[in-house]
Amino acid sequence: MSSTRLRKSSVPLKMNEKDEIDPSDVCYDFYVGLGLAISSSLFIGASFVIKKKGLLKLGSKGQTRAGLGGYGYLKEWIWWAGLLSMGIGEAANFIAYAFAPASLVTPLGALSVLVSAVLSSRYLGEKLNLLGKTGCFLCIIGSTVIVLHSPKEGSVDSIEILRQLLLEPGFVVYVAIIAISSSFLILYCAPRYGSSNVVVYILICSMIGSLSVMECKGLGLALRETFGGSEMNCEMA
C-alpha cells in the first residue's frame, strides 16, 4: 500500500481523477446490490398476496371491508405481516442503490409483479391466462438480460461525484422539464382525462419516479459513507 495511494484516497474525488479499483471489491458490491434488489422484489411481491389473504379472511368473518370504510384489518395479524414484508422489501431496495448501479436495481423492481402474479395463482386461486404467462416469461428474460449486461460498477460512487453531476446544466434542465410536465399532468390532464385514461397516471408516476431514483441513490451513498464506507475503501486500497 503506497503513501501516494493513501493521499489520493483521503481527498474528495474529482471527475477527471482515475484511481485503480480492486476488481474483487467491485464484484462484491455488485452481487450485494443484486441480491438486495432480488430479495426486495420477493418481499414486496409476497406482501401484496399476504395482505390480500388478510383482507379475504376479514371478509369471511362478515366484517366491513376496508374499501367501504372498515378498519378491522388493523386487528388482523396477517395484514400486518404483509405490511412488514413490504417494509423489509422497500428497505432492501433502498440499500441496494448504495451498492449497485441504479440501471440494475430499478428494472429489477419489476420482478415484484412477477412474484405477485405467481403467488396469487398459487395461494389466491387467481389463474393466469396466456397473456399473463407471456408477460411473466418476458419479465424473466428481461431481468436476465439486465443482470448479464448491466455495468458491474456505477459511475457515481461518492457524494462528491453525485453533487457535481446534479449541478450539470443538462440535469438542471431535465429537472425543470419534469417539474413543468408533471404539474401540467396533475393539474390539467388528471382531472379531465385521468378517469378514462390510465396513461396519465402512469406518466406522472414515471416522471416523478425518475427523480426519486436519484434521490435514493444519493441518500444511500450518504448513509454508506457515514457508516464508514469511505474509510473502509481507503484501508483496503
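How far apart, in helical turns, are Glu 160 and Arg 163 in helix α7? Point 5 below gives the reply.

1. **Status of the model.** This is a predicted model. Please read each point with that in mind.

2. **Overall make-up.** The protein has ten helices. It has zero strands. Follow the sequence from start to end and the pattern reads α-α-α-α-α-α-α-α-α-α.

3. **Burial, surface and contacts.** The protein has 237 residues, and 30% of them count as buried. Its accessible surface comes to about 15000 Å². Carbon and sulfur atoms make up 68% of that surface. Now take the contacts with a separation of 6 or more: 76% of them join residues 24 or more positions apart.

4. **Helix α6.** This helix covers residues 130-149, which is 20 residues. From first C-alpha to last, α6 reaches 29 Å. The expected value, at 1.5 Å a residue, is 28 Å, so the two are close. Look next at the N-terminal end of α6, where Asn 129 acts as a cap. A side-chain oxygen of Asn 129 lies 3.3 Å from the backbone nitrogen of Leu 131.

5. **Salt bridge in helix α7.** The structure holds two salt bridges. One of them pairs Glu 160 with Arg 163. Their closest N and O atoms are 2.9 Å apart. Both residues sit in helix α7, residues 159-166. They are three residues apart, so about one helical turn separates them. Glu 160 is partly exposed, at 24% relative accessibility. Arg 163 is also partly exposed, with a relative accessible area of 43%.

6. **Salt bridge between a loop and a helix.** Glu 76 forms a salt bridge with Lys 57. Here the closest N and O atoms are 3.5 Å apart. Glu 76 lies in the loop between α2 (23-60) and α3 (77-96), while Lys 57 belongs to helix α2, so the pair ties together parts that are 19 residues apart in sequence.

7. **Burial of that second pair.** Is Glu 76 buried or exposed? Its relative accessibility is 5%. Buried means under 20%, so Glu 76 counts as buried. Lys 57 has 31% relative accessibility. That value lies between the 20% and 50% cut-offs, so Lys 57 counts as partly exposed.

8. **Where to look.** Begin with α6 and the cap at Asn 129. Then find Glu 160 and Arg 163 in helix α7. Finish with Glu 76 in its loop and Lys 57 in helix α2.

Technical notes: Residues numbered from 1 in each chain as written. Predicted model: local features only at pLDDT ≥ 70, side-chain atom pairs only at ≥ 80, totals over all residues. Heavy atoms only, no water. Helix = DSSP H or I, 4+ residues; strand = E, 2+ residues; numbered from the N terminus. Buried < 20%, exposed > 50% of the residue type's maximum accessible area, 1.4 Å probe, protein only. Contact = heavy atoms within 4.5 Å. Areas by Shrake-Rupley, 256 points an atom, 1.4 Å probe, with all protein chains shown as cover. Polar contact = N/O pair within 3.5 Å; in protein donor to acceptor, adjacent residues only side chain to side chain. Salt bridge = Lys/Arg side-chain N within 4 Å of Asp/Glu carboxyl O.
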